[in-house]
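Here's a quick look through one model, feature by feature. Have the structure open while you read.

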Amino acid sequence: MLETAGSERDAMKKLLQSWPVVRQLRDRDLYGLGRSASSERSQALSPRTAEAETVARSVCPYCAVGCGQLVYVRGGEVTQVEGDPDSPISLGRLCPKGAATRELVAGPSREHKVKYRRPYGTEWEELSLADAMDRIADRVLATRDETWEERDGQGRLLRRTLGFAQLGGATLDNEENYLIKKLATALGAIQVENQARI
């Protein structure tokens, strides 16, 4: 009976010593980040970014805050996107949308071909990028020609079109905004706006 009680006591002592909080106190690991928090499994783990061949700095494409991102690439494929701790804006943090940025390029539902649906059509068809760009350019120029206003009713010079507008996105940088604005105004558009207001 004494032998059974001693083995139960040893088992209980072993169990208590295996608890992380007891190990933390015993090892004086005040923050729980050292040996007391590790296990055989955790010691064998490696970060999913460890095998990246390159790491590119980027900006989150969602809202206008401009959180910094680190994009990990291996074999030409994006393997992980994480917050950039060197970013003065986000300090390495990302919201749920920003943390899921990898899905923009690697998600199974991402389209990799230009899709076009004809007027009154019910099916999408694939276009080459060159053909799509030509169609866009043709339509912009045709709209410009159809809606061009050289002068107003009193003869004042206008040289403008109200047939199309330009709306910039939240993550366009200054250089992109500058070029888009120059293109839009060169085409005669006066309705030029950018969504980034933060």
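## Leu 15 and the nonpolar patch

Leu 15 is partly exposed, at a relative accessible area of 42%; buried would mean under 20%, exposed over 50%, and partly exposed is in between (1.4 Å probe, protein chains only). Leu 15 is found in helix H1, with helices (H or I, at least four residues) and strands (E, at least two) taken as DSSP runs numbered from the N terminus.

Leu 15 also helps make a nonpolar surface patch of about 600 Å², along with Met 12, Leu 16, Trp 19, Val 21 and Leu 25. Helix H1 (2-18) and helix H2 (20-26) are the elements that give it two or more residues, and H1 has the largest share, with 3. Patch members need over 30% relative accessible area and no salt bridge, and nonpolar side chains (Val, Leu, Ile, Met, Phe, Trp, Tyr) are joined within 5 Å, like charges within 9 Å. Areas come from the Shrake-Rupley method with a 1.4 Å probe, and for residues only the protein chains shown count as cover. A salt bridge here is a Lys or Arg side-chain nitrogen within 4 Å of an Asp or Glu carboxyl oxygen.

## About the model

This is a predicted model: local features need pLDDT of at least 70 and side-chain atom pairs 80 or more, while totals for chains, interfaces and linings use all residues. Numbering runs from 1 along each chain as its sequence is written, and side-chain values use heavy atoms, leaving out hydrogens and water.

## Val 55

Over in strand S1 (residues 54-59) sits Val 55, partly exposed at 47% relative accessibility. Its C-alpha is 5.5 Å from that of Val 71, 16 residues apart along the chain.
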